[in-house]
Amino acid sequence: MAEIKSVGVVGAGQMGAGIAQVLATAGHRTLLFDASAPALEKGLAGIHSRLGQAVEKGKMDAATSERAKQHLSAAGSLRDFASCDLIIEAIIEQFEPKAALFREVDKILRPDAILASNTSSISITRMAAVTSRPDKFLGVHFMNPVPVMQLVELIRGLQTSDDTYKAILALCASIKKTTVLALDGPGFIVNRILCPMINEAIFLVQEGVAPTDIDNAMKLGTNHPMGPLTLADFVGLDTLLYILQLLHRELGEDKYRPCPLLVKYVEAGWHGKKSGRGFYSY
Ligand code: CAA
């Protein structure tokens, strides 16, 4: 792969739409697909609205915003990805749906095209193994909100080739993101450290400390932009629980045990900001 010019993004949720936005803004031909037509519409509308806001705030000139819109289009089906140099998957965080998607796009794409997953937790080596091109497969984990956060964690599977890694490094540089190389293990770097910290904050809530006191302590005491409980609501309590369960299961240590209060909130449907209630009400 000489240079990645056209990218297909699968999944138009918060992450997929954010990824499509930064790619199109940097001038890559970007196709966004979602199996749900309303989700695709919502994702595209969100991108257009954020580009508009950036111009209004004077953070982006009108020509760049216009170019981004022109470089972004909706894919009617996965077959539209046939000429893409790279596919970035940002769908539901479960192995089977991701594997099914990769099996399908593997058949559609050119043999030299690269497959990437925005997974925050699933083994890259395991997903790569369902395709005919494990050397052209890797993890590209963006942080939420994608247009704002500087970092992308890159994860090489057992068989990822140097050429694939180099092509993705160049792509990340073109969208002005900073990369780190993580191991293909549970939680990579950020979630391995972040999720236990948030879990500890939830244990404190369970022991009777007020969420606002915990958040203020971490914001004012350690200069975190958001307190851990606000961040938990922002990431989604269901997502947080899923990652903690994975860390607990795969690393096998008690220190990763999800706080029972977190389990209870998720059982109650309190999934954070997206559901209207978590540690705070929205
Ligand atoms: N999409 C795009 N832009 C957004 C946004 C979104 N969802 N939310 C906020 N922004 C932009 C705002 O438009 C604003 O842009 P300008 O500076 O250009 O005006 C900028 O971000 C700052 O926003 P605000 O002034 O409204 O609020 P803030 O100063 O509190 O910043 C924040 C918001 C950037 C989210 C900040 O609170 C922050 O950095 N929080 C921590 C986020 C974090 O830790 N993310 C990683 C989560 S872990 C993860 O993603 C991995 C995983 O797998 C779970």
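Modeller: A polar contact is a pair of N or O atoms within 3.5 Å; within protein, one must be able to donate a hydrogen and the other to accept it, and residues adjacent in sequence count only if both atoms are side-chain atoms. This is a predicted model, in which local features need pLDDT of at least 70 and side-chain atom pairs pLDDT 80 or more, while totals for chains, interfaces and linings use all residues. Residues are numbered from 1 along each chain as its sequence is written, and side-chain values use heavy atoms, leaving out hydrogens and water.

Colleague: What makes the pair formed by the side chain of Asn-191 and the ligand a polar contact?

Modeller: An N or O atom in the side chain of Asn-191 is 3.0 Å from an oxygen atom of the ligand. The limit is 3.5 Å, so the pair qualifies. A polar backbone atom of Asn-144 also qualifies, because it is 2.8 Å from a nitrogen atom of the ligand.

Colleague: Why is the ligand said to lie between domain 1 and domain 2?

Modeller: Both domain 1 (6-182) and domain 2 (190-275) give residues to the shell around the ligand, so the ligand lies between them. The bounds come from an automatic or database domain assignment.

Colleague: How do you know what area is buried between domain 1 and domain 2?

Modeller: Buried area is the accessible area (1.4 Å probe) that two parts lose on being put together, summed over both. For domain 1 and domain 2 the value is about 640 Å², with 58% given by carbon and sulfur atoms. Ser-120, Ser-121 and Asn-144 supply 47% of what domain 1 buries against domain 2, more than any other three residues.
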